[in-house]
Amino acid sequence: MVGDILRKTREKQGLTIADIEKGTSIRALYIESIERGNIDALPGMVYAKGFVRNYAGFLHLDAEALVQQFAEENGTAAAPTAPPAAEKPRRISLNNIGDESLSEISIGSRHASYTGMLGKLAAGIVVLVALVGGGAALVSYINSPARETNTPPAPVHVESQPAQKTPAAEVNAVDEAREATPAAKDVRVSVHLTERCWTEVTVDGKNVFEGIIENGKTQSWQGKESIVVRAGNAGALEVTANGKKLGKFGDEGDVVERTFTRTTKTLTDTLPPAAGNAAEQQ
C-alpha cells in the first residue's frame, strides 16, 4: 500500500510525522490517516491525492507513480479513453444518383438553383435602371437655366447659459453613470501567504497550480468565468478578489475550498455547500 511505502521511507530517513507536517504544511492527522490507509478520515480524494503527491515529493519519491497507485487502491483511477474512430471519406457514385438529380450537381460542390440565378438577374436589372435614371436626371439638371442664388443672412450667435442641475438631477446623473459602468469581464484572485501552505488552483475548469507556496509570497490568477482555490491550511492565506481585500481564507489548520466569480464581493458566497458541511464536521 502507498501508506506503507511512505511510512517506511519516512522512518528510513529518520523523520517523524511532525517533521513531515512542518515540511509540507499537511496536518499530522491527515499524514497518519494516509499511512494507515484510513481514507474516510481525509477531507476527500482530491485533497488526499494532493497530500500524497506532496508527501512523496518531500521524501524524494516518484510522486506521480504513487498518486496513480493510491488512486487505483481506492478505486478512483481514470479509465483510458479510446481514440475517436477516424471518419471515412464519403464517396459519391453516379450509380447511386438518379437522373433527375444530376442537374443539381455543379463544379466545386456548389449548389446553384434557377431561383438564385433569376434573383441575381433581377437585381442587376434594378441597378441598371437606377443608373440610367440617375444619368438622365443629371443631364436635365445641367441643361436647365442657371438659378439665382441668394446669400442667406448670417446666423445670430447667442451664447446659452448651461442649465443648473438641481440636487435631485445630480443624484439621477450619478445613478445613471453607475448603471452605465460595464460589469467586470473577468475574475481576478490573489493570495498572500503568512506561512507556507499547500494550495491547488483551478481556472475556468483547468488545473493551473498545485504545490507549496512559501511564507511571504503572493500569487495571482485571472480567468473568464470562475477560479477555485483549495488550501491545506486556510488560516495561512489572505485573499483578494476582483481588487477587493476579503481577509483570511478560513480558520487555521482547516482544509477549505472556495469558488470565486466575477460577482464575488465577500467570502460568504464562495464556499460550496458540500465543502461547508465537511468543514462543519471537522
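Helices (H or I, at least four residues) and strands (E, at least two) are DSSP runs, numbered from the N terminus. This is a predicted model: local features need pLDDT of at least 70, side-chain atom pairs count only at pLDDT 80 or more, and totals for chains, interfaces and linings use all residues. Residues are numbered from 1 along each chain as its sequence is written, and side-chain values use heavy atoms, with hydrogens and water left out.

**Exercise 1**

Find the salt bridge partner of R7 and place both residues in the fold.

Solution.
- Start with the cut-off: a salt bridge is a side-chain nitrogen of Lys or Arg within 4 Å of a carboxyl oxygen of Asp or Glu.
- R7 pairs with D4; their closest N and O atoms are 3.7 Å apart.
- Now place them. Both sit in helix α1 (residues 2-12), three residues apart, about one turn of the helix.
- An α-helix has 3.6 residues a turn, so residues three or four places apart point the same way.
- Next, accessibility. Buried means under 20% relative accessible area, exposed over 50%, and partly exposed in between (1.4 Å probe, protein chains only).
- R7 has 26% relative accessibility, so R7 counts as partly exposed.
- D4 has 29%, so D4 is partly exposed too.

**Exercise 2**

Which parts of the chain does the pair E35 and R10 link, and are the two residues buried or exposed?

Solution.
- The side chains of E35 and R10 form a salt bridge, 2.8 Å from N to O.
- This pair links distant parts of the chain: E35 lies in helix α3 (residues 28-36) and R10 in helix α1, 25 residues apart.
- Both E35 and R10 are buried.

**Exercise 3**

Repeat the analysis for E64 and R53.

Solution.
- The closest N and O atoms of E64 and R53 are 3.0 Å apart, in a salt bridge.
- Distant parts of the chain are linked here: E64 is in helix α5 (residues 63-73), R53 in helix α4 (residues 45-58), 11 residues apart.
- E64 has a relative accessible area of 48%, so E64 is partly exposed.
- R53 is partly exposed as well, at 22%.
- Back in the wider picture, salt bridges with shared partners join D4, R7 and E11 into one network.
- The structure holds 10 salt bridges.

**Exercise 4**

Map the buried side of α1 and say what it packs against.

Solution.
- List the buried residues of α1: V2, G3, L6, T9 and R10.
- They cover an arc of only 140° around the axis, so they lie on the same side of α1. The arc is that of the directions from the helix axis to the C-beta atoms.
- The face turned away from this buried side carries the exposed residues K8 and K12.
- The buried residues pack against α2 (17-24), α3, α4 and α5; contact means heavy atoms within 4.5 Å.
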